[in-house]
Amino acid sequence: MISFVICVIILVLGYFTYGSYVEKQFGIDVNRKTPAITKEDGVDFVPLKLGKIFLIQFLNIAGLGPIFGAISGALWGPVAFLWITFGCIFGGVVHDYFSGMLSIRHGGQSIPEIVGKYLGNGVKHFMRIFAVVLLVLVGVVFVKGPASILQELTGVSASTMVIVIFLYYILATMIPIDRLIGKIYPLFGLSLLLMAFGLFGALIFQNYTIPEINFTTLKNMHANPDTFPVFPLVFVTIACGAISGFHATQSPLMARCISNEADGKKVFAGAMVTEGIIALIWAAVAMSFFGGVSQLGEAMAQDGHNAAWVVNIICNTMLGKIGGILAVFGVVAAPITSGDTAFRSARLTIADSFSIKQTKLSKRLMVTIPLFVIAIVLTKVDFAIIWRYFGWSNQVMATIVLWAAAVYMKKQGKNTWFIILPAAFMSAVVTTYILVAPEGFMLNYTLSYSLGIVVAIGVTTWFLMSKKILKTK
């Protein structure tokens, strides 16, 4: 497991080195008052302790993403390790740090309002709709995922579990952030960490062999490599743990609770790197538990064997009954708590768009109830289809946020290349994916990735050459 351990070390070092570089480029002001102080309202703008904020941010952005995504991404082999490691450092850290810090600098605003300020009103209106759609999709994904795991554990039907989870979502979305989220979510975040590091220990001390990164394994190891090429599918399948636009919708929640800009790196970059480590662990476990990458593919190809089934059997086998209960609790708690904060973010995004004050419960209900009605309808759609659309939408969001961050830095007269490079890469990824994917235009693969590269080069050229950017308000 040399390659796996090296990747973990690189992620940790990346936080301290590249994370500090990104923070320096942004330019924090420790004397600047944050929205948690200037706009405190007892509902959404509430100062919280740093430890709580970190664990809540980590739990909010984690969900099923670094678990289900990593398991699915493991089907391509050790190449997944490289994407998680370097995607997290050079893409995820930059994306998450800027989405959080820009929200702090702009009064705790939701990401569509921030993007609109730097990419124009047209993009702002698009992002308002796009963000809400993405958040509702996240909420649905994070209902059906844990419901299926709970069905495996309890025998209670998934439909009943969906209803129970939705009732909880309504409660958690409505009440002030410090009443429920601030009190119990840090405990859930801690349980998710304990579960992951329990699996890490099992990998080390039990007889498992993790595939190494070498010339024989650094290739497409998927059972159907022609149908499932590494580019762009791995970069969409593994989002949480590498780079995920959903995080940009969550960062403003904690941006409204941070009391000092110096905490931004610890919260936003720190939670991202921690999630990357979780994704590495699950990718490694998935590749080794069944005896190899091909054996994982064979196991998941069987009827009824999905990522939820993999999580259940791995936890109970590697950690025993008590460890398995703790592990599955973490896996269930993570998506449920991400789902309710997704709906909370959707509420705030709509409220920000229409300037609807959220101090009164009636106003919060007015915004939230229609969202839940739509979400309940979407639970009837096949989970795999929702996950694929969520994956692509997720990375489109990340791409747009990165370009908005680049514009912000350009207007500040600062270095932009460390943002341009991941933004251009993700532009190629999302363009290629929607052109070649079955849920997209189903075009020829060579044509699709060629057009993806052309789009990436075109957008980058426009960014570098356009003087209009500096004139946007």
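Me: When contacts are sorted by how far apart their partners lie in sequence, what share in this protein comes from residues 24 or more positions apart?

Reply: The general idea is to set aside close sequence neighbours and ask what remains. In this predicted model, residues 24 or more positions apart account for 85% of the contacts in the protein with a separation of 6 or more.

Me: Which kinds of secondary structure does the protein have, and how many of each?

Reply: The protein has 19 helices and zero strands. Its radius of gyration is 21 Å, close to the 23 Å that the globule rule gives for 473 residues, so the protein is as compact as a globular protein of that length. Taken along the principal axes, the C-alpha atoms fill a box of roughly 55 × 50 × 40 Å.

Me: How should I read burial, and what percentage of the residues in the protein is buried?

Reply: A residue counts as buried when its relative accessible area is under 20%, and by that reading buried residues make up 62% of the 473 residues here. The protein exposes about 18300 Å², of which carbon and sulfur atoms supply 68%.

Me: Which residues touch the most other members of the largest nonpolar core?

Reply: That core holds 166 residues, and those touching the most other members are Phe4, Phe81, Phe98, Tyr169, Trp282, Met318 and Ile419. Helix α12 (residues 264-289) gives the most to this core, with 18 residues. To follow one member, take Phe4, which, leaving aside its neighbours within four places in sequence, is in contact with residues including Phe81, Phe200, Leu280 and Ala284.

Me: Is Ile177, which sits in a loop, buried or exposed?

Reply: A loop position has to be checked by its accessibility. Ile177 is in the loop between α8 (158-174) and α9 (181-205), and it counts as buried because its relative accessibility is 1%. Not counting residues up to four places away in sequence, Ile177 touches Val43, Asp44, Val46, Gly182, Leu253, Met254, Cys257 and Arg344.

Me: How far apart in space are Tyr118 and Thr416, C-alpha to C-alpha?

Reply: Sequence separation and spatial distance should be read side by side. Tyr118 and Thr416 are 298 residues apart in sequence and 14 Å apart in space, C-alpha to C-alpha, whereas Ile177 and Thr461 are 284 residues apart in sequence and 42 Å apart in space. Tyr118 itself lies in helix α6 (residues 111-119) and is buried, with a relative accessible area of 7%.

Me: Which residues form a nonpolar patch on the surface?

Reply: The patch is formed by Leu361, Leu365, Ile369, Val373 and Val377, which together have about 430 Å² of accessible area. Ile369, one of these, lies in helix α16 (residues 361-378) and counts as partly exposed, because its relative accessibility is 48%.

Me: What should I look for in the backbone, and which residues does a cis peptide bond join?

Reply: Omega describes the peptide bond, and a cis bond, with omega about 10°, joins Phe231 and Pro232. Pro232 lies in helix α10 (residues 230-237).

Me: Where are Ser355 and Met442, the residues with positive phi?

Reply: Each is best read with its loop and its accessibility. Ser355, with phi near 55° although it is a residue other than glycine, is in the loop between α15 (320-354) and α16 and is exposed, with a relative accessible area of 64%. Met442, also not a glycine, has a positive phi of about 55°; it is in the loop between α18 (417-436) and α19 (445-465) and counts as exposed at 58% relative accessibility.

Notes
Residues numbered from 1 in each chain as written. Predicted model: local features only at pLDDT ≥ 70, side-chain atom pairs only at ≥ 80, totals over all residues. Heavy atoms only, no water. Patch = residues over 30% accessible without salt bridge, like charges linked within 9 Å, V, L, I, M, F, W, Y side chains within 5 Å. Areas by Shrake-Rupley, 256 points an atom, 1.4 Å probe, with all protein chains shown as cover. Salt bridge = Lys/Arg side-chain N within 4 Å of Asp/Glu carboxyl O. Helix = DSSP H or I, 4+ residues; strand = E, 2+ residues; numbered from the N terminus. Buried < 20%, exposed > 50% of the residue type's maximum accessible area, 1.4 Å probe, protein only. Core = buried A, V, L, I, M, F, W, Y, C linked by side-chain atoms within 4.5 Å. Contact = heavy atoms within 4.5 Å. Rg over C-alpha atoms; globule rule 2.2 N^0.38 Å.
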